[in-house]
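Colleague: I would like a close look at a single part of this model, taken slowly and with its neighbours included. Could you walk me through it once the structure is in view?

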Amino acid sequence: PCLQIAVKSEIGRKFGNNWISVDRYDHSAVIDRHDDIHSLGFPDGHFNAVVCWSVLEQVPEPERAIAEMLRVLKPGGGIWVQLPFLFPYHADPHDYWRVTPSGLRQWMRHFDEVACGADYWARTPIITASFFWGRKPATPKTA
């Protein structure tokens, strides 16, 4: 199985049948569970992939949330994290962070990096995102 943290309204669906969707605040039919990202109710090493798209900016303790994603991911499993960088304030329910690719790389330091950078969401340089694509290493990294 794969874990989709939040289902963005512009997508409106899970990525596929093997995806489990989690969102603490969204109670639409497309959400499977309402776990807090800081404490996911899944066993260690349960997922082959995790996608966390436009969520970490709204999380008070992003490194704790990232540690949870690391915990539930299988060794060698893939992770994609993306969050707004140059984007308007959007308190839904909160808006805490804007992180550069370098900052995101620091948050994701326990993963093996495949790619990290910034990307445009719209046809303007103002709406940009930082992203990280990586894998859970077979043996844990030390800080």
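How many bridges join strand 1 to strand 2, and do they run parallel or antiparallel?

Modeller: Bearing in mind that this is a predicted model, strand 1 is joined to strand 2 by 4 bridges, and the two run parallel. Within that pairing, Ile5 of strand 1 has Val22 of strand 2 standing opposite. Strand 1 also pairs with strand 3, again in the parallel sense and over 4 bridges, and here Leu3 has Val50 in strand 3 as its bridge partner.

The side chains of strand 1, which covers residues 2-5, can be sorted by direction: Cys2 and Gln4 point one way, whereas Leu3 and Ile5 point the other way, and all of them are buried. In a regular strand the side chains alternate between the two faces of the sheet.

The two partners of strand 1 also frame a loop, since strand 2 (19-22) and strand 3 (47-53) are the elements between which His38 is found. His38 is counted as buried because its relative accessible area is 10%, under the 20% cut-off. Leaving aside residues up to four places away in sequence, His38 touches Val59, Pro60, Glu61, Arg64, Ala65 and Glu68. With Glu61 there is a polar contact as well, in which a polar atom of the His38 side chain lies 3.3 Å from the backbone nitrogen of Glu61. Ile66, 28 residues from His38 in sequence, is 8.1 Å from His38 in space, C-alpha to C-alpha.

Note on methods:
Residues numbered from 1 in each chain as written. Predicted model: local features only at pLDDT ≥ 70, side-chain atom pairs only at ≥ 80, totals over all residues. Heavy atoms only, no water. Buried < 20%, exposed > 50% of the residue type's maximum accessible area, 1.4 Å probe, protein only. Contact = heavy atoms within 4.5 Å. Polar contact = N/O pair within 3.5 Å; in protein donor to acceptor, adjacent residues only side chain to side chain. Pairing = 2+ DSSP bridges.
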